[in-house]
Structure formats: structure tokens, C-alpha cells
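Colleague: I would like to learn how to read a model of this kind, going from the overall fold down to single side chains. Could you take me through it step by step?

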Amino acid sequence: ADGLGRGAAGGGGGERIYVSRARARRRRVTNEAALRAALEARGFATVFFEETGWAGQIAACRAAKVVVGTHGAGLANLVFCAPGTRVVEL
């Protein structure tokens, strides 16, 4: 598995991505299922960067117009986002 596109948008992420920590060992979002459902209903694709290679992570961030994720290393990839990308940090 490439860790990308497990949400409504499919493929390698999309213009709206949610960086999930559901498969991480610690610091998971308590209400992850409800959050994912709400975001996916609004066109967000869920990505799992801990299962994604560097090229895939960079591509997902470059294509994103909106990124939602929890505070931490998963959001370090924001450096690859285009200027003006909107970020919601939980």
C-alpha cells in the first residue's frame, strides 16, 4: 500500500488532504473515525504518511490546497506546499 488516497478523492490525495495518525503508535486523534467521516464528506482524502515514501508525501503536499492534520512531524511536509495553501493544525 502506498498510504495515499484512502478517502473520497482517491488516487494520490487531492486538493484537500487529511494527514491521519490512525496507524501511528501514539498521539492518535481520539475521534478519528468521526473526524475522517466529516472531512471526507467535504471532499478530503485521507493520507497515511507513515506508510508513504518521500516522493508520495511530497506529491501529496504539492497538490494540496488545504491540509488538515495533528501537530507533529507529519506536518513537516508543509514545506512542499505551494504558497497560499491553507492549513488546519489540530
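Modeller: Let us begin with one residue pair: in strand β2, the bridge partner of Y18 is T46. Please keep in mind throughout that this is a predicted model.

Colleague: How many bridges join strand β1 to β2, and do the two run parallel or antiparallel?

Modeller: Strand β1, which covers residues 16–19, is joined to β2 by three bridges, and the two strands run parallel.

Colleague: What order do the strands of the sheet have, and which are the edge strands?

Modeller: The sheet is open and has four strands in the order β2-β1-β3-β4, with parallel pairing. An edge strand is one that pairs on one side only, and here that description applies to β2 (45–47) and to β4 (86–89). From one strand to the next, the twist averages 20°.

Colleague: Which pattern does the protein follow along the sequence, and where does helix α1 lie?

Modeller: Read along the sequence, the pattern is β-α-β-α-β-β, built from two helices and four strands. Helix α1, residues 32–40, lies across β1, β2 and β3 (66–69), and its direction makes an angle of about 175° with that of β1.

Colleague: Returning to T46, is this residue buried or exposed, and with which side chains does its own side chain make polar contacts?

Modeller: Burial is judged from relative accessible area, with under 20% counting as buried. T46, which is found in strand β2, has a relative accessibility of 1% and therefore counts as buried. Its side chain makes a polar contact with the side chain of R36 at 3.3 Å, and another with the side chain of E40 at 2.8 Å.

Colleague: Why is C61 in no disulfide?

Modeller: A disulfide requires two cysteine sulfur atoms within 2.5 Å. The sulfur of C81 is 4.4 Å from the closest cysteine sulfur, that of C61, which is too far for a bond, and the structure holds zero disulfides. Both cysteines are nevertheless buried, C61 with a relative accessible area of 2% and C81 with one of 13%.

Colleague: What do the totals for the protein as a whole look like?

Modeller: Of the 90 residues in the protein, 41% are buried, and the accessible surface comes to about 5100 Å², with 54% of that area belonging to carbon and sulfur atoms. Among contacts with a separation of 6 or more, 60% are between residues 24 or more positions apart.

Notes. Residues numbered from 1 in each chain as written. Predicted model: local features only at pLDDT ≥ 70, side-chain atom pairs only at ≥ 80, totals over all residues. Heavy atoms only, no water. Pairing = 2+ DSSP bridges. Axes fitted to C-alpha atoms, helices over the stretch in contact; angles between N-to-C directions. Contact = heavy atoms within 4.5 Å. Buried < 20%, exposed > 50% of the residue type's maximum accessible area, 1.4 Å probe, protein only. Polar contact = N/O pair within 3.5 Å; in protein donor to acceptor, adjacent residues only side chain to side chain. Areas by Shrake-Rupley, 256 points an atom, 1.4 Å probe, with all protein chains shown as cover.
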